[in-house]
Amino acid sequence: MSQAVDLIKAIRTGLLSEVVAALDGGAQVELHDGQGDPGLPLAMACFMGHAEIVRELAIRGAKVNFANNMEPTSPLSMALRSGKTEAIKVLIEFGAEIPAGVKTGLTDQELMLARWKAQHFGASQAAGTASSELPVIEEIQMVGCYGTDTGVLEA
């Protein structure tokens, strides 16, 4: 059997170990569907709600963003159609852009946490998303503690 077929079968069964084996065996993470649209493995995993498989594919380079994330074959659209919020969270953690006005089914807290993870682990920069709404954090390095004015820590 071909490596692509093995990957698709593994995604359908939802077995992460088989997905990893197929990818390690040389299966491409970016396969085209019958229409020529890219991202079939990730879109399928999103639609089926296999969050850990979505994570594995994203780690291995699957694109989480389309030029328009509301295209019917985009990973985000597939996850939204199925209502699989865990897959949506993983996409956001890997830098997926949520178009304005789109209801994800996530609470404000879940959405904030997923965006924080994207910022913390560098997914938003890797995916090329803008991070203008993220806070700027300054780190102060202090070599010694004796005689240090602790008021600096509150600045």
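Biologist: What is the relative accessible area of R60?

Modeller: The model is a predicted one, and in it R60 sits in the loop between α4 and α5. Partly exposed residues fall between the limits of 20% and 50%, and R60 is partly exposed because its relative accessible area is 32%.

Biologist: Which acidic residue of helix α2 meets the side chain of R60 in a salt bridge?

Modeller: Side chains of opposite charge can pair when their charged atoms come close. The bridge in question has an N to O distance of 2.9 Å, and it ties together parts that are 36 residues apart in sequence, since R60 lies in the loop between α4 and α5 and its partner in helix α2 (residues 16-24). The partner has a relative accessible area of 55% and is therefore exposed; the residue is D24.

Biologist: R60 also meets E56 in a salt bridge; is E56 buried or exposed?

Modeller: The side chains of R60 and E56 come to 2.6 Å, N to O. A residue counts as buried under 20% relative accessible area, and because E56 has a value of 17%, its class is buried.

Biologist: Which residues are linked with E52 in a network of salt bridges?

Modeller: E52 forms a salt bridge with R55, with the closest N and O atoms 3.6 Å apart, and the two are separated by about one helical turn because they are three residues apart in helix α4. Both count as partly exposed, E52 with a relative accessible area of 45% and R55 with 24%. The network joins E52 to R55, E93 and K117.

Biologist: How many residues of helix α6 are buried?

Modeller: Helix α6 spans residues 85-93, and the buried ones are A87, I88, K89, V90, L91, I92 and E93. E93 also belongs to the salt-bridge network with E52, R55 and K117. The helix is largely enclosed by the rest of the structure, because the buried count among its nine residues is seven.

Biologist: Are α1 and α3 roughly parallel or roughly antiparallel to each other?

Modeller: Two packed helices are described by the angle between their axes and the distance between the axes. For α1 (residues 3-13) and α3 (residues 40-48) the axes lie 9 Å apart at an angle of about 10°, and the crossing is right-handed. Angles under 35 degrees count as roughly parallel, and α1 and α3 are therefore roughly parallel.

Biologist: Is the crossing of α3 and α4 left-handed or right-handed?

Modeller: The axes of α3 and α4 (residues 51-59) come within 8 Å and cross at roughly 160°. Angles over 145 degrees count as roughly antiparallel, and α3 and α4 are therefore roughly antiparallel to each other. The crossing in which α3 passes α4 is left-handed.

Biologist: What is the distance in space between M48 and T13, C-alpha to C-alpha?

Modeller: M48 lies in helix α3 and counts as partly exposed because its relative accessibility is 31%. M48 and T13 are 35 residues apart in sequence, and their C-alpha atoms are separated by 9.6 Å.

Biologist: Which residues make the nonpolar surface patch of about 360 Å²?

Modeller: One of them lies in helix α7 (residues 108-120), namely L113, which is partly exposed because its relative accessible area is 44%. A patch residue needs over 30% relative accessible area and no salt bridge. The patch is made by L113, W116 and F121.

Key. Residues numbered from 1 in each chain as written. Predicted model: local features only at pLDDT ≥ 70, side-chain atom pairs only at ≥ 80, totals over all residues. Heavy atoms only, no water. Patch = residues over 30% accessible without salt bridge, like charges linked within 9 Å, V, L, I, M, F, W, Y side chains within 5 Å. Areas by Shrake-Rupley, 256 points an atom, 1.4 Å probe, with all protein chains shown as cover. Salt bridge = Lys/Arg side-chain N within 4 Å of Asp/Glu carboxyl O. Helix = DSSP H or I, 4+ residues; strand = E, 2+ residues; numbered from the N terminus. Buried < 20%, exposed > 50% of the residue type's maximum accessible area, 1.4 Å probe, protein only. Axes fitted to C-alpha atoms, helices over the stretch in contact; angles between N-to-C directions. Parallel < 35°, antiparallel > 145°, perpendicular 65-115°, else oblique. Left-handed = near helix turned anticlockwise from the far one by under 90°.
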